[in-house]
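Welcome! Below are some exercises with worked solutions. Have the sequence and the 3D view ready, and take each step at your own pace.

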There are 2 protein chains.
Amino acid sequence: MAWLRSLARSSTQLRRPLPPILSISSSFSSPADPLHSPPPAFGGLAPTEPGREKPRVVVLGTGWAGCRLMKGIDTGLYDVVCISPRNHMVFTPLLASTCVGTLEFRSVAEPVGRIQPAVSRAPGSYFFLARCNSIDPEAHTVHCETVTDGNAGSDLNPWKFKVSYDKLVIASGAEASTFGIHGVREHAIFLREVYHAQEIRRKLLLNLMLSDVPGISEEEKRRLLHCVVIGGGPTGVEFSGELSDFIIKDVHDRYSHVKDYINVTLIEANEILSSFDVRLRQYATNQLTKSGVRLVRGVVKDVQPQTIILNDGTEVPYGLLVWSTGVGPSPFVNSLPFPKAPGGRIGIDEWLRVPSVQDVFAVGDCSGFLEDTGKSVLPALAQVAERQGKYLAELLNKIGKAGGGHANSATNVELGDEFVYKHLGSMATVGRYKALVDLRQNKEGKGISLAGFLSWFIWRSAYLTRVVSWRNRFYVAINWLTTLVFGRDISRI
Amino acid sequence: MAWLRSLARSSTQLRRPLPPILSISSSFSSPADPLHSPPPAFGGLAPTEPGREKPRVVVLGTGWAGCRLMKGIDTGLYDVVCISPRNHMVFTPLLASTCVGTLEFRSVAEPVGRIQPAVSRAPGSYFFLARCNSIDPEAHTVHCETVTDGNAGSDLNPWKFKVSYDKLVIASGAEASTFGIHGVREHAIFLREVYHAQEIRRKLLLNLMLSDVPGISEEEKRRLLHCVVIGGGPTGVEFSGELSDFIIKDVHDRYSHVKDYINVTLIEANEILSSFDVRLRQYATNQLTKSGVRLVRGVVKDVQPQTIILNDGTEVPYGLLVWSTGVGPSPFVNSLPFPKAPGGRIGIDEWLRVPSVQDVFAVGDCSGFLEDTGKSVLPALAQVAERQGKYLAELLNKIGKAGGGHANSATNVELGDEFVYKHLGSMATVGRYKALVDLRQNKEGKGISLAGFLSWFIWRSAYLTRVVSWRNRFYVAINWLTTLVFGRDISRI
């Protein structure tokens with residue numbers, strides 16, 4: 001009964017062994033003898049030993065940039081340690097579709113262990129469910145704390161540990177902007193993580209059901225079913241489009257008693273889809289309006305539990321409030337002692353290095369070119385982050401091959417071409433099998449821009465091929481098929 | 001801007017109308033003018049008027065019995081009002097498979113609106129997300145309260161309402177038994193609802209990840225990864241089998257660093273699978289032991305946050321604790337003023353009527369034959385509940401056709417054959433593509449009983465054909481296929 005002794009808190013408390021129903025089969029390998037060592041006060045991964053161990057790349061974050069980097073890194077050259085509060089990457093362009101059940105949540109989430117299998121298997125590579133609190137660039141060490149919160153939290157308290165790095169890649173992303181408006185964090189739902197989409201779906205279905213129960217007033221019913229979206233960028237527009245599709249196709253059929261009470265309002269301070277040209281913007285505006293989405297120009301002043309107050313004093317009651325007004329630097333990025341690029345991002349040079357220190361790189365929404373590079377800060381887009389991750393993986397592989405993988409050893413390595421971003425174009429759906437596709441490098445450039453069903457088809461095909469794994473590609477296609485055939489699932493689970 | 005005025009809390013607070021980006025298209029039908037009526041203090045559905053309105057069947061619960069009844073009811077004869085705290089039926093025999101990702105949660109949840117579309121569409125039929133608190137059989141009325149809790153809860157407080165019925169079907173099910181053992185509700189997870197399976201999955205993945213973070217002791221790692229299942233009935237055995245499949249196939253591959261620390265223990269006070277014959281029990285015991293599940297005979301005395309205490313004083317540390325020791329009557333059933341059957345269930349006669357009152361029926365786990373019927377109380381099985389639901393739907397249709405649908409009007413209707421239960425057999429998987437199938441009516445009866453791969457194939461095929469909708473049948477098949485090809489999904493979302 002070694003297994004039970006090793007499980008027991010203290011072996012002295014075990015008065016007598018358990019009588020097993022059967023003796024344990026010898027085919028089951030018993031675990032290694034426990035060490036019974038006390039937990040180290042401050043455990044971690046020590047610096048690697050050049051010559052004996054592979055250099056260690058530590059990646060902070062599991063977004064587009066960090067995951068693309070991990071996918072491209074040569075695990076024959078490096079051990080990879082990924083530190084992130086979530087164990088999966090979110091395929092963000094399709095997240096809005098999951099809020100109403102067009103796609104399932106798991107179809108847009110890709111586990112890190114599938115993107116880079118070394119983190120789940122290789123002896124020196126790991127995934128740590130934790131947040132990085134601070135970086136000590138002199139000691140080449142990151143200080144972290146485990147994440148134990150969320151649904152079905154742990155019975156353990158979070159604990160701290162440190163990890164030494166040879167190369168550090170900061171890919172921790174940005175945070176939703178609230179512009180300091182009171183009540184946003186308390187009452188609005190962002191649309192950046194899978195749990196946000198889950199919360200939106202549960203709340204929408206709850207409001208649909210509650211509004212059909214006897215005893216609710218007409219006014220309250222109308223409020224409960226008023227879905228307000230703040231921010232007319234691609235996320236806000238795509239979510240509004242999905243919501244109106246859901247209302248037209250599913251609410252009319254499955255919540256027929258309350259279908260005349262549900263409304264969608266999109267509030268934007270300026271133009272919707274400002275990165276697209278005027279013809280596409282006009283098309284999007286017409287399509288959304290035809291689908292019943294109310295477009296309102298306004299600036300939010302205050303968010304109260306059931307009402308938004310606009311700058312001009314108008315009160316807008318809501319039952320569901322989704323906030324998607326862009327992103328800004330996170331408190332972690334603000335706390336870092338590195339020079340910043342315009343907008344408060346971590347300043348990087350042409351090779352995505354943090355120039356003031358050795359062996360530190362930053363990619364994705366948390367980073368921006370320093371002013372002295374003469375380059376402008378790139379937009380916070382998935383394609384920028386992905387391209388940077390790919391570039392940096394190749395750069396690190398090159399450095400590793402040249403023998404510069406270990407800490408402070410890459411000073412003489414020729415870095416080669418600097419990172420150059422080439423915009424491939426923008427896409428956004430507006431609901432009802434319609435989308436915008438703009439394949440020009442910028443608003444003034446030449447090239448193809450189109451809107452309509454063909455664009456929608458291009459949108460779906462393009463994203464289907466971009467989904468990371470074959471498993472999820474398969475599920476996205478199956479989800480789209482079943483939504484078409486059977487409609488969206490409305491179980492509130 | 002009528003829509004906005006109607007949305008505003010008080011029209012006097014609207015200082016000036018919002019400037020829309022575009023005028024609202026006329027193709028969007030504006031909602032009916034709000035009534036601005038204050039919420040009734042105690043709203044509800046009034047009694048139906050014979051001659052002018054269809055009689056109303058009120059169904060409490062959305063389990064096997066209630067949903068099978070709603071599926072079979074003739075909506076040309078009756079309006080259906082379903083009252084339940086969840087808007088879907090759970091395909092319980094496949095729930096254990098969702099905890100480790102063999103199946104997805106939505107594949108085993110069937111929305112009530114798909115089972116009986118009238119509740120989402122027909123003018124006098126409804127689904128109310130609520131709990132029934134009490135029944136007034138004299139007034140033919142149920143007293144209810146809305147359910148607004150759970151993730152992404154409502155900003156509304158729950159409110160009360162009442163619903164008059166012509167026929168009432170109590171199908172509210174039973175509750176997990178804790179035998180009054182301290183700490184079970186606080187620290188163990190049951191396995192009866194989709195949210196239980198979600199909690200188990202999140203906790204299992206969290207523990208797998210936390211146990212790989214530096215700073216955790218060997219002892220704590222072993223505790224975190226000790227999965228303990230209490231109760232050796234079909235649910236406990238199937239869950240243990242799924243868990244060991246997950247460990248052998250997925251944990252070894254995807255959590256390779258901690259694979260030697262994870263263990264499953266199944267604790268049962270008597271025999272496992274006591275409803276099966278000795279040969280099948282022996283087979284199950286061998287299979288589970290081969291897969292590494294430890295079978296322990298023991299009785300739980302106390303459940304503490306990280307440790308279970310058994311009757312003999314043994315302490316068993318755990319990281320995940322699943323409780324599946326059978327069911328007993330719920331507080332709602334206990335509170336009802338009707339004569340009870342043995343075991344505290346609502347007493348029913350041969351036609352599933354609650355004999356002391358008019359127009360009240362009870363089906364499924366909440367009901368049992370009264371002693372004076374000479375019949376024994378049927379086991380709490382899905383197939384009993386389903387058969388009762390089907391029988392009662394036919395009985396109510398017969399009564400309705402004979403003109404006895406309205407309250408107190410069925411006194412002279414000939415009821416026909418009484419309900420007779422014929423057991424079709426039992427099945428249980430034990431993991432590793434093995435299952436037990438017992439097609440005999442009872443342990444002593446004659447017939448086929450078999451165990452092994454063929455049984456597993458029968459198990460899967462049988463359940464696949466039993467899944468309620470084509471949509472979910474399709475998804476269950478697809479989930480099984482992708483689990484085989486790609487393995488289980490390990491994103492913790």
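Two strands count as paired if DSSP finds at least two bridges between them. Keep in mind that this is a predicted model.

**Exercise 1. Find the strands at the edges of the open sheet in chain A, and explain what being at the edge leaves them without.**

Step 1: Write down the strand order. The open sheet has 8 strands, in the order β1-β8-β7-β6-β3-β2-β9-β20 (chain A), and its pairing is mixed.

Step 2: Look at the two ends. β1 (44-45) and β20 (360-362) of chain A each have a single partner strand, so one side of each is left without a neighbour in the sheet.

Step 3: Check one pairing in detail. β9 (residues 167-170) of chain A runs parallel to β20(A), and the two are joined over 3 bridges. Within this region, A:Leu168 faces A:Val360 of β20(A).

Step 4: Add a helix to the picture. α2 (residues 64-72) of chain A lies across β2 (56-60), β3 (79-84) and β9 of chain A, at about 155 degrees to β2(A).

**Exercise 2. Describe the loop between β22 and β23 of chain A through A:Arg432 and A:Tyr433.**

Step 1: Start with the backbone. Most residues other than glycine have a negative phi. A:Arg432, however, is not a glycine and has a positive phi of about 50 degrees.

Step 2: Compare with chain B. B:Leu273 also shows a positive phi of about 50 degrees without being a glycine; it sits in the loop between β12 (263-268) and α10 (278-290) of chain B.

Step 3: Check accessibility. Buried means under 20% relative accessible area. A:Arg432 is partly exposed at 31%, whereas B:Leu273 is buried at 1%.

Step 4: Move on to A:Tyr433, which is partly exposed with a relative accessible area of 31%. A:Tyr433 belongs to a nonpolar surface patch with A:Phe453, A:Leu454, A:Phe457, A:Ile458, A:Leu481, A:Leu484 and A:Val485, with about 780 Å² of accessible area together.

Step 5: Ask which helix gives the most to the patch. α13 (453-466) and α14 (470-486) of chain A each supply at least two residues, and α13(A) gives the most, with 4.

**Exercise 3. Trace the salt bridges of A:Asp489 and A:Arg488.**

Step 1: Recall the principle. Side chains of opposite charge can pair when their charged atoms come close.

Step 2: Take A:Asp489, whose side chain meets that of A:Arg201 in a salt bridge (4.0 Å, N to O). This pair links distant parts of the chain, 288 residues apart: A:Asp489 is in the segment after α14 of chain A, and A:Arg201 is in helix α7 (residues 194-210) of chain A. Both A:Asp489 and A:Arg201 are buried.

Step 3: Turn to A:Arg488, whose side chain forms a salt bridge with that of A:Asp250 (2.6 Å, N to O). A:Asp250 lies in helix α9 (residues 234-254) of chain A and A:Arg488 in the segment after α14 of chain A, so the pair ties together parts that are 238 residues apart in sequence. A:Asp250 is buried at 4% relative accessibility, and A:Arg488 is buried with a relative accessible area of 4%.

Step 4: Visit chain B. The side chains of B:Asp438 and B:Arg440 meet in a salt bridge (2.9 Å, N to O); B:Asp438 is buried at 5% and B:Arg440 is buried at 10%.

Step 5: Finish with a network. Salt bridges that share partners join A:Glu104, A:Arg201, A:Asp489 and B:Arg106.

Note on methods:
Residues numbered from 1 in each chain as written. Chains lettered and ligands numbered in written order. Predicted model: local features only at pLDDT ≥ 70, side-chain atom pairs only at ≥ 80, totals over all residues. Heavy atoms only, no water. Contact = heavy atoms within 4.5 Å. Axes fitted to C-alpha atoms, helices over the stretch in contact; angles between N-to-C directions. Patch = residues over 30% accessible without salt bridge, like charges linked within 9 Å, V, L, I, M, F, W, Y side chains within 5 Å. Areas by Shrake-Rupley, 256 points an atom, 1.4 Å probe, with all protein chains shown as cover. Buried < 20%, exposed > 50% of the residue type's maximum accessible area, 1.4 Å probe, protein only.
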